[in-house]
Every structure is written in structure tokens, then in C-alpha cells.
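Hi,

Here is the structure I said I would pass on. Have a look at it first, and then read my notes underneath.

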Amino acid sequence: MHELTLAERAIGIVEAAARKAEARRVTRIRLSIGALAHVDPDTMQYCCEVVSRDTLAAGAQIEVVRAPGLAWCATCSAEVALKQIGEPCPQCGGYQLNITDGDQMQVVDISIE
Ligand SMILES: [Zn+2]
């Protein structure tokens, strides 16, 4: 499952940061998921909970925020906002779009104690 791989990566990043900060545990994790990434936020949250068991992030509150998608429209020669993959350009209705942002997952910040 795609989300599980991403969750493992996210928790790995979180745990490395927590260890570096000599934290006893992670209390909160904020993840950003691009609107154009094929990731379901609820599934992602669940996978993070599963993956974080037996890590410093066990029991942490996991918050998933959606980052807007951006694409370059070759017809308009402009960067446009996209809600999801497969949508036409909101300005001209064209499909000559190159995704420039919003297909990534990022760990935004974490709270530790
Ligand atoms: Zn356009």
C-alpha cells in the first residue's frame, strides 16, 4: 500500500528528529500531503499510527493537512491551482498541464517532550 510506505518514511524522519533532539517522546506530528499526491489523508493517518507503534512517536497526535496542487498550464503560460489530478486548467479548460507542486508528502513539524 502506497500510504504505508509513505507513513514508514514519515515516521522515520520524525523519529530521527526526535532522537537528535533527545526527546523522550513525540506528542504531535503534522504532515502535509499535496492535493495531487495519490494519498488518502485518513488512510495516511491510520498508517502512521500503525507504523509509529514501538517508536518514540507512539501515541502521538497525527494531523494531516492538505497542500494545494499547482500546475503549469502550457496553454495559458501560467501557474494554476489544481484540486486534483485529471482536472482541466481552471482558466482555459485545457489539459496541457505539468504538475509543479502538490504531489509531495512532507513532515511539517513535530512536538516533542
Ligand atoms: Zn490554462
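Below is what turned up, starting with the ground rules and then going through the helix, the salt bridges, the sheet and a few single residues.

First, the ground rules. This is a predicted model, so local features need pLDDT of at least 70 and side-chain atom pairs count only at pLDDT 80 or more, while totals for chains, interfaces and linings use all residues. Numbering starts from 1 along each chain as its sequence is written, and side-chain values use heavy atoms, with hydrogens and water left out.

**Helix 1**

Helices and strands here are DSSP runs numbered from the N terminus (H or I and at least four residues for a helix, E and at least two for a strand). Helix 1 covers residues 2–20. Does its length add up, and what should it be? At 1.5 Å a residue, its 19 residues should span 27 Å, and the end C-alpha atoms are 28 Å apart, which agrees. The expected span is 1.5 Å times one less than the number of residues.Next, which residues of helix 1 are buried? They are Glu3, Leu6, Ala7, Ala10, Ile11, Val14, Glu15 and Ala18. "Buried" means under 20% relative accessible area, "exposed" means over 50%, and "partly exposed" is in between (1.4 Å probe, protein chains only). These buried residues cover an arc of only 165 degrees around the axis, which puts them on the same side of helix 1. The arc is taken from the directions that run from the helix axis to the C-beta atoms. Strand 1, helix 2 (41–51) and strand 6 are among what covers them, with contact meaning heavy atoms within 4.5 Å.

The face turned away from that buried side carries the exposed residues Arg19 and Lys20. Lys20 has a relative accessible area of 77%. Its C-alpha atom is separated by 36 Å from that of Ala71, and the two residues are 51 apart along the chain. Just after helix 1, Glu22 takes a positive phi of about 55 degrees.

**Salt bridges**

How many salt bridges does a search of the whole structure find? Five, where a salt bridge is a side-chain nitrogen of Lys or Arg within 4 Å of a carboxyl oxygen of Asp or Glu. Here are three pairs to look at.

- Glu15 and Arg19 meet through their side chains at 3.0 Å, N to O. They are four residues apart in helix 1, so about one helical turn separates them. In general, an α-helix has 3.6 residues a turn, so residues three or four places apart point the same way. Glu15 is buried at 17% relative accessible area, whereas Arg19 is exposed at 53%.
- Glu63 and Arg28 form a salt bridge at 3.5 Å, N to O. This pair links distant parts of the chain: Glu63 sits in strand 2 (residues 61–67) and Arg28 in strand 1 (residues 26–34), 35 residues apart. Glu63 is partly exposed at 28%, and Arg28 is partly exposed at 24%.
- Asp109 and Arg30 form a salt bridge at 2.9 Å, N to O. Here too distant parts of the chain are linked, with Asp109 in strand 6 (residues 105–112) and Arg30 in strand 1, 79 residues apart. Asp109 is partly exposed at 27%, and Arg30 is partly exposed at 24%. Salt bridges that share partners join Arg28, Arg30, Glu63 and Asp109 into one network.

**The three-stranded sheet**

In what order do the three strands of the open sheet run? The order is 4-3-5, and the pairing is antiparallel. Two strands count as paired if DSSP finds at least two bridges between them. Strand 4 (78–82) and strand 5 (97–101) are the edge strands, each pairing on one side only. From one strand to the next, the twist averages 40 degrees; the axes are lines fitted to C-alpha atoms (for helices, over the stretch in contact), and angles run from 0 to 180 degrees between N-to-C directions.

Strand 3 (residues 69–73) pairs with strand 4 over five bridges in the antiparallel sense. If you want a spot to zoom in on, Leu70 stands opposite Ala81 in strand 4.

**Two serines**

Is Ser52 buried or exposed? Ser52 is buried, at a relative accessible area of 2%. You will find it in the loop between helix 2 and strand 2. Leaving aside neighbours within four places in sequence, Ser52 is in contact with Ile11, Ala57 and Ala58. Ile11 is one of the buried residues of helix 1.

Ser32 is in strand 1 and counts as buried too, at 9% relative accessibility. Not counting residues up to four places away in sequence, Ser32 touches Val65, Ala67, Gln104, Met105, Gln106 and Val108.

Happy browsing!

Key: Expected span 1.5 Å × (residues − 1).
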